[in-house]
Amino acid sequence: MNIALFGPPGAGKGTQAKELSKYYNIPHISTGDILRANVRDGTELGLKAKQYMDKGELVPDEVLIGLIRNRLTEPDCETGYLLDGYPRTIPQADALTGILSDINKPLDAVINIEVSDDELVKRLSGRRSCTCGESYHVVFNPPEKEGVCNACGAELYQRDDDKEEVIRQRLSVYNEKTKPLINYYDDAGILVNIDGTGAVDAVFADICKVMDQFK
Ligand SMILES: [Zn+2]
């Protein structure tokens, strides 16, 4: 089963990807991991990518797609893969379609985890941090005493990144960037929308119903 997973920040994509990879025994493939592994191992493309990363520049698409191609031809991808965080643009999607057809591993489905902006704001803005590194959530993981760190007793604070205004801005950028890709895969007939509002287990079960079709 060849799957790509989409979802906004706060939709629980990372958690789902980890669980799905274990459950179906297919590798969870993220471009960040591939880049790190290739830079670490000093592969030809890894060294090329590093030149850009060292300058603080984005790794060009042709380098990235080469790395993804190499990764997907490794033996553990024989029965499938779970692609996470790629593609992010239409040119990347086009390039991906090309190499997947080349290596005969076309996507079976693009699973898009949908959660409303209001719900995401609720999830993301509830985070409270401590200077000691601990973090909490006012609803999902509250400290024993409101506003105080369990570990060190210091007063908790809300990071700027976790403020509603900043989150809404981030989500609107995500929606704007992702929309064309959603349309792209919808037109290709392989987009499946999953309601990501419920509990983690319920969302997992819904995703499995889709993925089971491609076992
Ligand atoms: Zn603390």
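A residue is taken as buried when its relative accessible area is under 20% and as exposed when that value is over 50%, with partly exposed in between. By this criterion Tyr86 is buried, because its relative accessibility is 2%. Tyr86 sits in the loop that joins strand E3 (81-84) to helix H5 (90-102). The model examined here is a predicted one.

Tyr86 belongs to a set of positions that the unreviewed UniProt entry lists under "binding site": Thr31, Arg36, Glu57, Leu58, Val59, Gly85, Tyr86, Pro87, Arg88, Gln92, Arg159 and Arg170. These positions do not all gather at one spot, since they span 140 residues in sequence and the farthest two C-alpha atoms lie 32.7 Å apart. From this set, Thr31, Leu58, Val59, Gly85, Tyr86, Pro87, Arg88 and Gln92 are part of the lining of the largest pocket. Leu58 is located in the loop between helix H3 (44-54) and H4. With a relative accessibility of 78%, Leu58 is classed as exposed, because the threshold for that class is over 50%. The lining thus takes in both Leu58 and Tyr86, of which Leu58 is exposed and Tyr86 buried.

The largest pocket encloses about 510 Å³ of space. Its lining consists of 21 residues, and those closest to the pocket centre are Gly85, Pro87, Arg88, Gln92 and Lys177. By residue class, the lining comprises eleven nonpolar, six polar and four charged residues. At least two lining residues come from each of strand E1 (2-6), helix H4 (61-72) and helix H7 (164-187). Helix H7 makes the greatest contribution to the lining, with five residues.

A zinc ion is also present in the model, coordinated by the SG atoms of Cys130, Cys132, Cys149 and Cys152 at 2.2 to 2.3 Å. The angles among the four donor atoms run from 100 to 116°, and the site is tetrahedral. Along the chain, the donors of the zinc ion are spaced as C-x1-C-x16-C-x2-C. Two of the donor residues, Cys130 and Cys132, fall in separate accessibility classes: Cys130 is buried, as its relative accessible area is 5%, whereas Cys132, at 42%, is partly exposed.

The unreviewed UniProt entry annotates residues 127-161 as "domain: Adenylate kinase active site lid". Over this segment the chain is 0% helix and 17% strand. The C-alpha atoms at the two ends of residues 127-161 are 10 Å apart.

Conventions: Residues numbered from 1 in each chain as written. Predicted model: local features only at pLDDT ≥ 70, side-chain atom pairs only at ≥ 80, totals over all residues. Heavy atoms only, no water. 1 Å grid on protein atoms, 1.4 Å probe; cavity = no way out; pocket = protein on both sides within 12 Å on 5 of 7 lines; lining within 4 Å. Points joined across faces, edges and corners; volume = space filled by probe spheres on them. Helix = DSSP H or I, 4+ residues; strand = E, 2+ residues; numbered from the N terminus. Nonpolar A, V, L, I, M, F, W, Y, C, P; charged D, E, K, R; others polar. Donors = N, O, S within 2.8 Å, 3.2 Å for Na, K, Ca; no water. Tetrahedral: all angles 85-135°; square planar, octahedral: opposite > 155°, others 65-115°. Buried < 20%, exposed > 50% of the residue type's maximum accessible area, 1.4 Å probe, protein only. UniProt positions renumbered as here; feature names shortened; annotations may be inferred.
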